[in-house]
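Biologist: I have a sequence and a model to look at. Please take me through some local details, one question at a time.

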Amino acid sequence: MIKKQGKIYEELRAYLNELPVIDTHEHQIALCSNNQELDILSFLASCFYYPSDLYSASIDYAGKAGSTDIASKQDIVQFLRDSSNSFDDRYEVWLKFHKRTCYTAYAKALFDGMRECWGLADISKNSLLETQEKMRSSRNQDFYDKLLEKYNIKKMIVNIELLHILNGARFNRQVCLFVLDLPSYHEINNMSSIRKPQLQAILGRNIVTLDDYLEAFEKYLVKSIEFGIVGMKDQSAYTRRITYEYTDRGTAEKIFNKIISNPRDNFGTEEVRPLEDFLFHQFMHLADKYRLPVQIHTGHMAGLRNEIAKTNPANFTNALELHQNVKFDLFHGGWPFMGEFLFLGKNYPNVYLNMCWANAIDPLYSIEFFKRALFTVPHAKILGFGGDTGTLEMTIGYIELAKDNIAYALSDMIDMGWIDMDSAKSISADWLYNNPEDLFGLGGLL
Ligand SMILES: [Zn+2]
């Protein structure tokens, strides 16, 4: 938790607790079933993104000291998650590496969330075991619903494999809204990536031509819209530079035909890229046709050992220029590319800037962003919060941190004489609720 002295901060921070929130990006379906065997070290080691920091701090981890069994071959997070290793052995290892990374925002926000949700007071063995008992007995749907209510989270925009949901998987209908995840539909490199069962089923025949593929995708999209999706989402930045060349159809079709004519072959990344780029732009034309906003991953990536330059939001410029009627919701504060991120928000009427996850990656960056954004970008285009988690305890820790960051930034702006308290309150309501409500057309849903 970030604190700042002074009445202005305190008044604003208290006001933020009263506001309704739309959580603009999540990977959870807001259901919670009780687990009598919950293991707290395994739980903590599964709360991405904190485990990434544990990995990052443990290059010298060599497994359980003196062990010759399989556990010694597990990496640190696998070891912690595997409850067949004794609690005491795991606690000892966890404490050593946790102490190296306990001040990152990932770590502090997770443990703040654990304190908020379960009263976890410290990281002693006893406190962890007591909390484990509480979680075993009370971590259920009632727990989940009460926290959503307490933190006034009205809706979550959820990014999971939509196919499961369309096929009838359960989810919390009160809270969850979905987006269609695009990458698997444009990452085409062999026959099976073309002939996806869900696309062939909706087309009613085998996909043979590029036209078949596009027709099947559009039908699947329409089915998803009828179900109620509120947008599309693309996170190709994990694997490629987010510059999509505007490729001509003939070039794309030749590659498609080669793949479909060689059903047992896999094709290389460079060879299929023009087809992938073509498909991406076709999907953006569909986003325009069906008035769907598109969420785009930019900046920092989950996990380790990825390459950052390819995710610079400025790489996405040509798509922003080509698809001027599509509203793009650029993610993660563009961390660490704040300058480029702010420029895109200022320069393109079709760009919205989303601080999902960013608040928990780097609070100081976020505070600076909120201040600079107020100076430079229309405040109606800023989305203040998205947890980007799969676990409610993390969402709670992250939402508290996001509110701290917003209150810190806007109280600084009041101190500077740029805005007054009423304006600060109205801006924060826009950032946390009104702007996402407007962008995703949720007016009638809430
Ligand atoms: Zn995400």
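Biologist: Between which two elements is the loop that holds H332?

Modeller: This is a predicted model, where local features need pLDDT of at least 70, side-chain atom pairs count only at pLDDT 80 or more, and totals for chains, interfaces and linings use all residues. Residues are numbered from 1 along each chain as its sequence is written, and side-chain values use heavy atoms, with hydrogens and water left out. Helices (H or I, at least four residues) and strands (E, at least two) are DSSP runs, numbered from the N terminus. The loop that holds H332 is the one between β6 and α17.

Biologist: Is H332 buried or exposed?

Modeller: Buried means under 20% relative accessible area, exposed over 50%, and partly exposed in between, with a 1.4 Å probe and protein chains only. The relative accessible area of H332 is 1%, so H332 is buried.

Biologist: What is the phi of H332?

Modeller: Most residues other than glycine have a negative phi. H332 is not a glycine, yet its phi is positive, near 65°.

Biologist: Which other residue has a positive phi although it is not a glycine?

Modeller: The residue in question has a phi of about 55°. Its place is in the loop between α15 and β5 (294–296). At 57% relative accessibility it counts as exposed, and it is R291.

Biologist: Which residues does the cis peptide bond join?

Modeller: Most peptide bonds are trans. Here one has omega of about 5°. Its proline is in the loop between β6 (328–330) and α17 (338–347). The cis bond joins W335 and P336.

Biologist: Which residues coordinate the zinc ion?

Modeller: Donors are N, O and S atoms within 2.8 Å of the metal (3.2 Å for Na, K and Ca), and water is not among the atoms, so sites may look incomplete. In sequence the donor residues are spaced H-x1-H-x360-D. At 2.1 Å, the zinc ion is coordinated by H25 (NE2), H27 (NE2) and D388 (OD).

Biologist: How many residues apart in sequence are the parts that H27 and D388 tie together?

Modeller: H27 is in the loop between β1 (21–26) and α2 (40–46), and D388 is in the loop between β8 (382–383) and α20 (392–415), so the pair ties together parts whose separation in sequence, in residues, is 361.
The two residues have their own accessibility values: H27 is partly exposed, at 32%, and D388 is buried, at 3%. The separation asked for is 361 residues.

Biologist: How are α14 and α15 set relative to each other?

Modeller: Axes are lines fitted to C-alpha atoms, for helices over the stretch in contact, and angles run from 0 to 180 degrees between N-to-C directions. The axes of α14 (residues 249–261) and α15 (residues 269–289) come within 8 Å and cross at roughly 120°. Angles under 35 degrees count as roughly parallel, over 145 as roughly antiparallel, 65 to 115 as roughly perpendicular and the rest as oblique. The two helices are therefore oblique.

Biologist: Which residues in α15 do the α14 residues meet?

Modeller: Contact means heavy atoms within 4.5 Å. On the α14 side are R249, T251, A252, I255, F256, K258 and I259. In α15 they meet E271, V272, P274, L275 and F278.

Biologist: How are α13 and α14 set relative to each other?

Modeller: The axes of α13 (residues 210–227) and α14 come within 9 Å and cross at roughly 100°. L210, D211, Y213 and L214 in α13 meet R249, A252, E253 and F256 in α14. From the crossing angle, the helices are therefore roughly perpendicular.

Biologist: Which residues of α20 and α21 make their contact?

Modeller: The axes of α20 and α21 (residues 421–439) come within 10 Å and cross at roughly 150°. The two helices are therefore roughly antiparallel. The contact is made by I406, L410 and I414 of α20, and on α21 by M421, A424, I427, S428, W431 and L432.

Biologist: Which residues does N405 touch, not counting residues up to four places away in sequence?

Modeller: N405 is found in helix α20 and is buried, with a relative accessible area of 0%. The C-alpha atoms of N405 and N359 are separated by 7.2 Å, with their positions 46 residues apart along the chain. With that sequence limit, N405 touches I2, N359, P363, S366, I367 and F370.
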